[in-house]
Amino acid sequence: MSMYRNAVWFVKGLQEYTKGGYEAAAKHFSPGDLEVNLNGRSFMVTGANSGIGKTTALEIAKRGGTVHMVCRNKGRAEEAKEHIVDQSKNRDVHIHILDMSSAQQVWEFAQNFQQNHTLHVLINNAGCMVNKRELNEEGMEKNFATNTLGTYILTTALIPELKKVENPRVITVSSGGMLVQKLNMDDLQFEKGTFDGTMAYAQNKRQQVILTERWASQHKEIHFSSMHPGWADTPAVQSSMPDFHAKMKDKLRTVAMGADTVVWLAVSAAAAKQPSGLFFQDRKAVATHLPLAFSRSSPQEEEKLQATLDQLASKFKP
Ligand SMILES: NC(=O)c1ccc[n+]([C@@H]2O[C@H](COP(=O)([O-])OP(=O)(O)OC[C@H]3O[C@@H](n4cnc5c(N)ncnc54)[C@H](OP(=O)(O)O)[C@@H]3O)[C@@H](O)[C@H]2O)c1
């Protein structure tokens, strides 16, 4: 089954996830959707110093929004901020240093943030593909800690704050790679069998899509979406998937193409009119399963995912 899913997915990717795929889809975009004034609205972007996160932060700053950049490295964050302020002429850009893989740090950060700032839109963009099974200082597998648990804690902790504002949104940058995975509740931290970083990453990205659907059904006041940026030429793709990058280099999207739907979901009126909880690609809600892939999980398994994350997260709550 996994070979079937991988093959169908790759063919789909060649058609849709490439630069050509973006250009075909963009013919149907409404050009006015991104012409908005974001004055008075506040956006948090995790992983805002590089790739899709940095371009998203810049596009928001250009439209007058307040930008909270959440980054793990001060030097890289400051360099990116300088670029964003320079290009946008918007000085309302702020850096917060946080390692998203540290559950305790994420809790502490979210609690402090709420005391000092308001937030309208959370963009869960930070992500990683670590190709060896490694544990962090809290004993958590690193892909799971960053992509799933960190995202889960940050979102859960900020939900009460988001409920206080007009038109709150949460966008989670998942990946089309999740289509090759069925939720696996038996091995959340990849302790069994041979470790495969690409599959661990895809499993985390599947979990983000399921969590987005659950949050949407539980918190009707907030507009949730997950999305796939396509295959964009970013440092993550170069360093975590060097063979794929070398083979696909000429077909990859620019970073701006990858960020387009993140920006659209975060700022446009059109996006807010879509139902909450969906998975987007090129400004359109798309299926979360490949045909005949048997990748659907039961409501019980999905409930268990959330309950297990809740339990794990509460261990690190200050
Ligand atoms: N590019 C693609 O084709 C593609 C396809 C599907 C999905 N995505 C998703 O798009 C998102 C953005 O990735 P990208 O392609 O733009 O790659 P990127 O340029 O490498 O950006 C990833 C960002 O996440 C940050 N990050 C990683 N681990 C972190 C941690 N523990 N704490 C805080 N920040 C952390 C990175 O910080 P550092 O600079 O410090 O490493 C960087 O700012 C990811 O979620 C990725 O999975 C990308």
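1. Helix α6 covers residues 142–162. At 1.5 Å a residue, its 21 residues should span 30 Å, and the end C-alpha atoms lie 28 Å apart, which agrees with that expectation. The model under review is a predicted one, and the values in this note should be read accordingly.

2. The axis of α6 is nevertheless interrupted: a kink of about 35 degrees is centred on leucine 149. As to its surroundings, 16 of the 21 residues of α6 are buried, so the rest of the structure largely encloses this helix.

3. Leucine 149 deserves separate comment. Apart from neighbours within four places in sequence, leucine 149 is in contact with Ala103, Met140, Phe144, Leu309, Leu312 and Ala313. Leu149 is also listed, together with Val45, Ala57, Met69, Ile123, Val262 and Ala266, among the residues with the most contacts inside the largest nonpolar core. The kink in α6 is thus centred on a residue that belongs to this core.

4. The largest nonpolar core comprises 80 residues. Helix α10, residues 255–267, gives the most to this core, with 9 residues. Val262 and Ala266, both buried residues of α10, are among those with the most contacts inside the core.

5. Which residues of α10 are buried? They are Val255, Met257, Gly258, Ala259, Asp260, Thr261, Val262, Val263, Trp264, Leu265, Ala266 and Val267. With 12 of its 13 residues buried, α10 is largely enclosed by the rest of the structure. The buried set includes Asp260 and Thr261.

6. The geometry of α10 may be set beside that of α6. The 13 residues of α10 reach 18 Å from the first C-alpha to the last, close to the 18 Å expected at 1.5 Å a residue. A bend of about 30 degrees occurs in α10 at threonine 261, a residue that is itself buried.

7. The ligand is surrounded by 29 residues, of which Gly47, Gly51, Gly127, Thr234 and Ala236 are the closest. By class, this shell holds 12 nonpolar, 14 polar and 3 charged residues. Helices α3 (51–62) and α8 (235–240) each supply at least two residues of the shell.

8. Is threonine 198, in helix α7 (residues 197–218), buried or partly exposed? Threonine 198 has 16 C-beta neighbours inside 10 Å; because burial requires 20 or more and exposure 12 or fewer, threonine 198 counts as partly exposed. Threonine 198 and glycine 177 are 21 residues apart in sequence, and their C-alpha atoms are 8.5 Å apart in space.

Conventions. Residues numbered from 1 in each chain as written. Predicted model: local features only at pLDDT ≥ 70, side-chain atom pairs only at ≥ 80, totals over all residues. Core = buried A, V, L, I, M, F, W, Y, C linked by C-beta atoms within 7 Å. Helix = DSSP H or I, 4+ residues; strand = E, 2+ residues; numbered from the N terminus. Contact = placed C-beta atoms within 7 Å. Expected span 1.5 Å × (residues − 1). Bend = angle between axes of the 7 residues up to and from the residue. Near = placed C-beta within 6 Å. Nonpolar A, V, L, I, M, F, W, Y, C, P; charged D, E, K, R; others polar.
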